[in-house]
2 protein chains.
Amino acid sequence: MSGRLKLSNFAVSLDGFGTGEGLTEQEPFGHAGHRLHPWMMATRFWREMAGQEGGSTGVNNEFLKAHWDGFGAEIMGRGKFWTGAGPIPDEWQGFWGAEPPFHTPVIVLTHQQRDDLQLEGTRFLFRDTTPQEALAEARELAAGLDVRLGGGVRTVREFLEADLVDELHVVIVPILLGRGQRLWDGQEALEDRFDLRFEPGDDGIMHVVGTRRRA
Amino acid sequence: MSGRLKLSNFAVSLDGFGTGEGLTEQEPFGHAGHRLHPWMMATRFWREMAGQEGGSTGVNNEFLKAHWDGFGAEIMGRGKFWTGAGPIPDEWQGFWGAEPPFHTPVIVLTHQQRDDLQLEGTRFLFRDTTPQEALAEARELAAGLDVRLGGGVRTVREFLEADLVDELHVVIVPILLGRGQRLWDGQEALEDRFDLRFEPGDDGIMHVVGTRRRA
């Protein structure tokens with residue numbers, strides 16, 4: 001059985017923005033800053049990854065653990081790999097340091113030609129291709145495990161529009177960003193394809209979980 | 001003490017639309033139809049108002065009861081009183097029949113000159129004025145009770161932007177309308193002025209409750 005494509009722990013503001021305005025290398029979420037993710041950084045799982053003690057162990061922590069469990073590949077858009085102006089610089093190796101947290105192949109969708117990038121445990125493959133073909137390759141690479149849809153906003157929308165997503169998990173943070181990139185744009189009547197339900201989180205956030213109905 | 005201005009039981013889709021596209025007299029919510037309000041019509045309170053038996057008695061019902069309790073006046077925009085094309089027709093008396101559910105004075109904000117309309121228990125006063133002045137008059141009419149902000153979307157946004165709202169209660173329905181009028185547009189950083197929290201509802205909906213911080 002081929003792996004499922006899952007979006008998980010994707011944070012949006014109450015007004016639906018998955019990232020802000022004015023993205024740069026230094027501010028990958030633009031004017032949103034860190035405001036979409038304090039709930040994530042408060043979890044035990046996150047703190048352990050960062051070599052810190054403590055952290056919350058409730059619903060948010062469970063969701064975050066699931067984000068890193070059972071995946072054999074990730075697909076991300078250029079907008080997650082590089083948020084600066086212009087093309088990806090030759091020397092750029094992503095936001096995640098010498099040992100990125102993925103530990104799987106990661107397909108980066110970009111029109112830019114770029115050689116594969118092998119870091120400790122993670123290989124980035126740059127592809128100028130369709131969502132369908134990217135998913136086919138990611139599934140092959142995942143060898144039966146699931147495929148994570150990593151973002152950014154435009155990439156998630158494209159995969160939802162192409163009806164390639166099997167499970168989605170979005171986190172609503174009670175802030176209003178007012179501007180940026182809207183996750184739900186162009187997704188009219190998504191509820192016809194997905195069972196959508198709310199699940200209360202810790203730290204004042206709300207989880208939205210969606211499972212694609214079988215045809 | 002003057003009455004508080006409260007928005008309550010205002011339903012939006014997951015993508016933030018408080019009403020759809022293509023509003024008419026027959027379809028006041030446009031292509032949204034009744035899809036923003038089944039949770040409301042399922043409550044015991046609503047069913048009792050409609051002369052029906054049964055209905056849910058949980059959180060949603062409590063919120064809906066609060067919507068009708070303790071108010072001495074309502075303010076609504078033209079977009080709630082009349083959703084057809086062009087000006088309000090002379091003979092139009094609103095969507096609520098001979099005995100509207102308000103049972104208080106209702107200020108209708110419109111640039112159109114129109115005589116007061118007295119129906120059974122409810123007097124509609126048509127005013128071409130600012131949010132501030134409308135609220136001042138509504139507070140006087142409410143005689144110490146609270147003032148309900150009745151909608152539609154644009155009117156709610158105007159009052160939020162003018163920082164006149166004391167309490168807000170929005171209901172998120174897990175559907176994606178894709179188009180229409182967005183409630184949260186232009187409300188960047190509302191969380192700086194309001195404590196916003198989620199409260200799980202019945203029937204798969206989510207309540208968002210906001211209380212304005214005291215200056």
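Which residue of β6(B) stands opposite B:Leu109? The close-ups below of this predicted model lead to B:Arg127. Residues count from 1 along each chain as its sequence is written, with chains lettered from A and ligands numbered from 1 in the order written. Local features need pLDDT of at least 70, side-chain atom pairs count only at pLDDT 80 or more, totals for chains, interfaces and linings use all residues, and side-chain values use heavy atoms, leaving out hydrogens and water.

**View 1. The open sheet of chain B.** Here 9 strands (DSSP E runs of at least two residues, numbered from the N terminus) follow the order β5-β6-β4-β3-β7-β1-β8-β11-β10, with mixed pairing; pairing takes at least two DSSP bridges. At the edges, β5 (117-119) and β10 (194-200) of chain B each pair on one side only.

**View 2. Strand β4(B) and its partners.** Because 4 of its 5 residues are buried (under 20% relative accessible area, 1.4 Å probe, protein chains only), β4(B) is largely enclosed by the rest of the structure. It runs parallel to β3(B), joined by 4 bridges, and B:Ile75 has B:Ile107 as its bridge partner. With β6(B), β4(B) pairs in the parallel sense over 5 bridges, and this is where B:Leu109 meets B:Arg127 as its opposite residue.

**View 3. Strands β8(B) and β11(B).** Residues 167-173 and 206-212 of chain B pair in the antiparallel sense over 6 bridges. Look for B:Ile172, whose bridge partner in β11(B) is B:Met206.

How values were computed
Buried means under 20% relative accessible area, exposed over 50%, partly exposed in between (1.4 Å probe, protein chains only).
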